[in-house]
Amino acid sequence: LGLKPGQHQTPEEVNRFTLSAEELNQLDADYLFIWAMDEDAKSAVADNPSYDSLPAVKNGTAKFVDADFTTAINGASPASLDWLINDSGIEDVLEK
């Protein structure tokens with residue numbers, strides 16, 4: 001898919017990166033796929049004062065994803081990657 005970790009994320013931190021609410025403005029990546037484990041967590045991110053100023057949010061390339069998306073990308077297999085590319089909605093974000 002050609003995606004790379006954000007500049008603040010070292011290869012060792014991929015899938016293990018923790019960011020506090022106060023540091024949300026550091027998310028300056030071109031694309032953000034955000035897995036909030038429940039509606040309260042999603043609201044906590046979306047209601048953060050910094051959220052609307054993030055480049056990906058401004059560009060329409062931020063997407064809240066569900067457990068299916070997260071499983072497909074973290075437990076990659078031919079079937080899950082096919083689903084990710086064709087059925088998850090990722091192409092809609094990447095085309096922007």
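Select Ile85 to begin: this residue lies in helix α4. Helices here are DSSP runs of H or I with at least four residues, strands are runs of E with at least two, and both are numbered from the N terminus. Ile85 is partly exposed, its relative accessible area being 33%; buried means under 20%, exposed over 50%, and partly exposed in between, with a 1.4 Å probe and protein chains only. Add Ala72 to the selection: 13 residues separate Ile85 and Ala72 in sequence, and their C-alpha atoms are 9.8 Å apart in space.

The model is predicted; local features need pLDDT of at least 70, side-chain atom pairs count only at pLDDT 80 or more, and totals for chains, interfaces and linings use all residues. Residues are numbered from 1 along each chain as its sequence is written, and side-chain values use heavy atoms, with hydrogens and water left out.

**The whole chain**

Next, display the full protein chain, which contains five helices and two strands. Their order along the sequence is β-α-α-β-α-α-α. The protein chain has 96 residues, of which 20% count as buried. Its accessible surface is about 6,600 Å², with 49% belonging to carbon and sulfur atoms; these areas come from the Shrake-Rupley method with a 1.4 Å probe, and for residues only the protein chains shown count as cover. Among contacts (heavy atoms within 4.5 Å) with a separation of 6 or more, 60% are between residues 24 or more positions apart.

**Helices α3 and α4**

Two packed helices are described by the angle and the distance between their axes. Select α4, residues 78-87, together with α3: their axes come within 8 Å and cross at roughly 130°. The axes are lines fitted to C-alpha atoms, for helices over the stretch in contact, and the angles run from 0 to 180 degrees between N-to-C directions. Why are α3 and α4 described as oblique to each other? Angles under 35 degrees count as roughly parallel, over 145 as roughly antiparallel and 65 to 115 as roughly perpendicular, so the rest, oblique, is the class for α3 and α4. The crossing of α3 past α4 is left-handed, a term for a near helix turned anticlockwise from the far one by less than a right angle, clockwise being right-handed.

Show the side chains at this meeting: Asp68, Phe69, Ala72 and Ile73 belong to α3, and they meet Ser80, Leu81, Trp83 and Leu84 of α4. Then pick Thr70 in α3, the helix of residues 67-74. Thr70 counts as buried, at 12% relative accessibility. Beyond its neighbours within four places in sequence, Thr70 contacts Trp35 and Val65.

**The nonpolar cores**

Which residues make up the largest nonpolar core? Select Leu24, Leu32, Ile34, Tyr51, Leu54 and Ala56, six residues in all. A nonpolar core is a set of buried Ala, Val, Leu, Ile, Met, Phe, Trp, Tyr and Cys residues joined through side-chain atoms within 4.5 Å. Apart from the largest core lies another, of five residues, including Phe69, Ala72, Leu84 and Ile90.

Return to Leu54, which contacts Leu24, Asn25, Leu27 and Leu32 when neighbours within four places in sequence are left aside.

**The segment before β1**

Finally, select Asn25, in the segment before β1. With neighbours within four places set aside, Asn25 contacts Ser50 and Leu54. Asn25 and Leu54 are 29 residues apart in sequence, and 6.4 Å apart C-alpha to C-alpha. Ala21 also belongs to the segment before β1 (32-35). Ala21 is partly exposed, at 48% relative accessible area. From Ala21 to Ala44 the C-alpha separation is 8.3 Å, across 23 residues of sequence.
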